[in-house]
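Please look over the model shown here and read the short report beneath the display.

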Amino acid sequence: MDRLGLNREGCYAILYNGGMIYDCCSGEILYQNTMPLSYVKYIFDQAARFGLYCQTYEGDYVVTPEDRPEAAQYHWSSQMEVRVDPDLLEHLKEEPVKVLTSCLDDRKSMRHTVTLCFRGPKERFPSFSPVNIIWNM
């Protein structure tokens, strides 16, 4: 926020596709909708099952279990530092605000895969808004 000059009074940011509202001046989180770690694990497991890239966020960092071109592309577009941790799900202590999956190789295949493995998010994630589950297609 500092780099963009948004750290002034009356400036707020809506982040993580609406999962967080942040006061840019005070640094206070005004609203946050996190994902239970069991949901995060399920999404990462399904992404791995179908060969999709998957990442989440911890503090100011993007965290992912494997270094793939999608991580470099996300770093380039967001300027967020990416940390690779093969044991990410064991080390993740706090519920994240967002999980993102993407596939740079075959977007048509990804659309089909997302339909198969995440069909009926209300049944699989009954107490969670799907706005925090983002698929780059």
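The report covers the strands and then the salt bridges of this predicted model.

**The sheet**

Three strands form an open sheet in the order 1-2-3, with antiparallel pairing. Strand 1 (12–15) and strand 3 are the edge strands, each pairing on one side only. On average, neighbouring strands of this sheet are turned by 10 degrees against each other, direction ignored.

Strand 2 (residues 20–23) and strand 3 (residues 29–32) run antiparallel and are joined by 3 bridges. Two partnerships show how residues line up across this pair. Met 20 has Gln 32 as its bridge partner in strand 3. Tyr 22 has Ile 29 as its bridge partner, also in strand 3.

The hairpin of strand 2 and strand 3 has 5 residues between the strands. Within this hairpin, Gly 27 takes a positive phi near 80 degrees.

**Salt bridges**

How many salt bridges does a search of the whole structure find? The search finds 4. The table gives the N to O separations for pairs among them.

| Acidic residue | Basic residue | Closest N to O |
|---|---|---|
| Asp 45 | Lys 41 | 2.8 Å |
| Glu 66 | Arg 68 | 3.8 Å |
| Glu 81 | Arg 83 | 3.9 Å |

Take the helical pair to begin with. Asp 45 and Lys 41 both lie in helix 1 (residues 37–49). They are 4 residues apart, about one turn of the helix. Their side chains meet in a salt bridge. Asp 45 is partly exposed, at a relative accessible area of 34%. Lys 41 is also partly exposed, at 43% relative accessibility.

Next come Glu 66 and Arg 68. Is Arg 68 buried or exposed? Arg 68 has 16% relative accessibility, and it counts as buried because the cut-off is under 20%. Its partner Glu 66 counts as partly exposed, with 38% relative accessibility. This salt bridge belongs to a network that links Glu 66, Arg 68 and Glu 70.

That leaves the pair of Arg 83 and Glu 81, which form a salt bridge. Arg 83 is partly exposed, with a relative accessible area of 40%. Glu 81 is partly exposed too, and its relative accessible area is 42%.

**In brief**

The sheet is open and its pairing is antiparallel. Strand 2 and strand 3 are held in register by bridges that include Tyr 22 to Ile 29. In helix 1, Asp 45 and Lys 41 sit 4 residues apart. Glu 66, Arg 68 and Glu 70 are linked in a salt-bridge network.

Notes: Residues are numbered from 1 along each chain as its sequence is written. This is a predicted model: local features need pLDDT of at least 70, side-chain atom pairs count only at pLDDT 80 or more; totals for chains, interfaces and linings use all residues. Side-chain values use heavy atoms; hydrogens and water are left out. Two strands pair if DSSP finds at least two bridges between them. Helices (H or I, at least four residues) and strands (E, at least two) are DSSP runs, numbered from the N terminus. Buried means under 20% relative accessible area, exposed over 50%, partly exposed in between (1.4 Å probe, protein chains only). Axes are lines fitted to C-alpha atoms, for helices over the stretch in contact, and angles run from 0 to 180 degrees between N-to-C directions.
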